[in-house]
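Q: I would like to learn how to read a fold from its coordinates. Where do we begin?

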Amino acid sequence: MNIYFHLSKINNFNNILNMTSGETKFSFYDKDNMILIVVSNAVFTFDGEKWNSYPISDINLPGTDFSILKRPSIAEIYQPKNSQYSKVLLISGGFNMPNKSSSKQNFVLNFCHDEKETKCILDFKYSDMTTGRFLHSAVNIANKYIILIGGKNEKEYLSSCECLSIDTKKWSQFPSMLSPRANFASCVTNNSTIYLYGGYIANGQFNTNKLTSSNVDLSDISKSKWTELSLKSDKENSMPKACCCILPYEDNIILTGGTNGQNLLSGLFEIKISEMNEKEVEVDYLGEAKTARNNTHFLMKDGYFYLV
């Protein structure tokens with residue numbers, strides 16, 4: 001079940017139609033205000049009335065089977081002006097199911113939607129990452145860099161980060177996190193500040209009660225630093241520990257979904273970064289979503305939040 005709601009009417013949840021199938025890998029709005037979901041070898045679109053499915057073509061990379069990758073990360077590279085493509089996405093890493101290994105590969109997915117046709121084309125590959133990873137995060141910084149954060153490989157959880165220059169298409173190292181983690185939530189505010197919440201740090205262990213952030217130095221990304229703040233909430237025991245999602249909203253961050261290690265959660269929280277100090281940041285409890293869920297996707301349009 002997919003739902004949407006407005007923060008001013010937190011108990012008024014509305015359903016939207018379910019997709020037919022597929023593991024969700026990414027969700028976003030395109031320029032025509034449609035929800036788009038990337039799953040396995042297809043892209044689903046929702047126009048407000050119905051879902052449509054379009055296969056991903058490998059015409060430019062024949063023989064590429066994107067569906068074998070489990071839990072890659074996907075970041076929007078840019079929305080080209082005067083281009084036939086509505087969206088250009090970078091698909092990074094993932095777990096290669098047949099080989100049972102973490103992938104270092106990166107692909108570009110071009111999405112084109114107009115009155116005549118809809119096309120999803122798997123295009124050229126960037127050079128490989130230094131470290132294969134999955135359950136990581138990929139964020140776009142000011143349309144200049146894609147930063148891959150943490151995750152895990154077949155041996156260990158990762159604190160390392162890598163940075164792709166969109167202009168030069170070259171990889172470089174980004175400062176490592178303060179601790180390794182995977183399956184955490186991430187978002188970007190002001191095009192340059194990364195926020196991370198939750199995640200696994202080892203089997204059965206979590207990175208909890210902290211908000212991690214980095215103000216990316218756009219002039220020299222190697223000088224960027226990570227910091228951690230404690231979270232202060234009356235509902236601390238109800239907050240998720242992993243598999244959740246966060247989304248910027250006005251001057252703060254909305255948190256929802258995830259797991260506490262035993263149960264799926266439906267709570268909605270506001271992390272008040274606009275009022276944080278050097279040591280801690282307050283978290284307000286907003287209410288409960290209609291259904292508990294993890295590894296969901298969270299997006300906003302015209303003041304309404306969508307959980308897909």
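**Surface, strands and one serine**

A: Begin with the surface: about 14,400 Å² of the protein chain is exposed, and carbon and sulfur atoms supply 43% of that area. Keep in mind that this model is predicted.

Q: What share of the 308 residues in the protein chain is buried?

A: Buried residues make up 54%.

Q: How many helices and strands are there in the protein chain?

A: The chain has 0 helices and 29 strands. Then look at sequence separation. Among contacts with a separation of 6 or more, 48% link residues 24 or more positions apart.

Q: How do I read one sheet?

A: Get the strand order, then the edges. One open sheet of 4 strands runs β14-β15-β16-β17, with antiparallel pairing. Its edge strands are β14 (137-141) and β17 (171-174), each of which pairs on one side only. On average, neighbouring strands of this sheet are turned by 25 degrees against each other, direction ignored.

Q: What joins strand β16 to β17?

A: Strand β16 (residues 161-165) runs antiparallel to β17, and 4 bridges join them. E162 stands opposite Q173 in β17.

Q: Now a single residue. Is S73 buried or exposed?

A: Buried means under 20% relative accessible area. S73 has 6% relative accessibility, so it counts as buried. This serine is found in strand β8 (residues 73-78).

Q: What does the side chain of S73 reach?

A: It reaches the backbone oxygen of H136, at 2.5 Å. Leaving aside neighbours within four places in sequence, S73 is in contact with L90, I91, S92, H136, S137 and A138.

Definitions and conventions:
Residues are numbered from 1 along each chain as its sequence is written. This is a predicted model: local features need pLDDT of at least 70, side-chain atom pairs count only at pLDDT 80 or more; totals for chains, interfaces and linings use all residues. Side-chain values use heavy atoms; hydrogens and water are left out. Helices (H or I, at least four residues) and strands (E, at least two) are DSSP runs, numbered from the N terminus. Buried means under 20% relative accessible area, exposed over 50%, partly exposed in between (1.4 Å probe, protein chains only). A polar contact is a pair of N or O atoms within 3.5 Å; within protein, one must be able to donate a hydrogen and the other to accept it, and residues adjacent in sequence count only if both atoms are side-chain atoms. Contact means heavy atoms within 4.5 Å. Two strands pair if DSSP finds at least two bridges between them. Axes are lines fitted to C-alpha atoms, for helices over the stretch in contact, and angles run from 0 to 180 degrees between N-to-C directions. Accessible areas come from the Shrake-Rupley method with a 1.4 Å probe; for residues, only the protein chains shown count as cover.
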